[in-house]
Amino acid sequence: MISLLEHYGPPLTNLRLRETLKIQSIHDPLTGLLNRRVMQSALNREFSRAARYGKPLSLIFIDLDDFKAVNDTYGHECGDAMLQHVADILCKSSRGPD
């Protein structure tokens, strides 16, 4: 049993580490939302899909007005909490694939 663990343990640990690094590389560490790199890939895929099927594609851009003022007035900790709250609302208000 020990020889099996010695043989398979390191590769399994390596796979787990690789998966963790992959998740960290595509998610924003503060909000947990997918990052710009993933968004660009998804947009390219969705533009192609919309063109292929002759269907419209809608995008929503969100701008948090005066966000700099929040950081300047209340501090970055408050600004971070606000971003996390907005991200949570977006996650709860959209479908998983979206």
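Leaving aside its neighbours within four places in sequence, which residues is I26 in contact with? I would like to start there, and I should say at once that we are looking at a predicted model. With those close neighbours set aside, the residues that I26 touches are L33, L34, N35 and V38.

As for where this residue sits, I26 belongs to helix α1, which covers residues 2-26. The relative accessible area of I26 is 24%, and since buried would require a value under 20% while exposed would require one over 50%, I26 is counted as partly exposed. If we then look towards F47, which is 21 residues away from I26 in sequence, we find that the two C-alpha atoms are 20 Å apart in space.

Let me now turn to the whole protein. There are four helices and zero strands, so that reading along the sequence gives the pattern α-α-α-α. The radius of gyration is 20 Å, whereas the globule rule gives 13 Å for 98 residues, and because the value is well over that figure, the protein is more spread out than a compact globule. Along the principal axes, the C-alpha atoms fill a box of roughly 60 × 45 × 20 Å.

How much of the protein counts as buried? The share is 8% of the 98 residues. The accessible surface comes to about 8,700 Å², and carbon and sulfur atoms account for 60% of that surface. If we consider contacts between residues at least 6 apart in sequence, 25% of them join residues at least 24 apart.

Finally, on charge, the protein carries 12 positive and 12 negative side chains, and the centres of these two sets are 13 Å apart.

Terms used: Residues are numbered from 1 along each chain as its sequence is written. This is a predicted model: local features need pLDDT of at least 70, side-chain atom pairs count only at pLDDT 80 or more; totals for chains, interfaces and linings use all residues. Side-chain values use heavy atoms; hydrogens and water are left out. Helices (H or I, at least four residues) and strands (E, at least two) are DSSP runs, numbered from the N terminus. The radius of gyration is taken over C-alpha atoms; the globule rule is 2.2 Å times the number of residues to the power 0.38. Buried means under 20% relative accessible area, exposed over 50%, partly exposed in between (1.4 Å probe, protein chains only). Contact means heavy atoms within 4.5 Å. Accessible areas come from the Shrake-Rupley method with a 1.4 Å probe; for residues, only the protein chains shown count as cover. Lys and Arg count as positive and Asp and Glu as negative; His and the chain ends are not counted. The place of a charge is taken as NZ of Lys, CZ of Arg, CG of Asp or CD of Glu.
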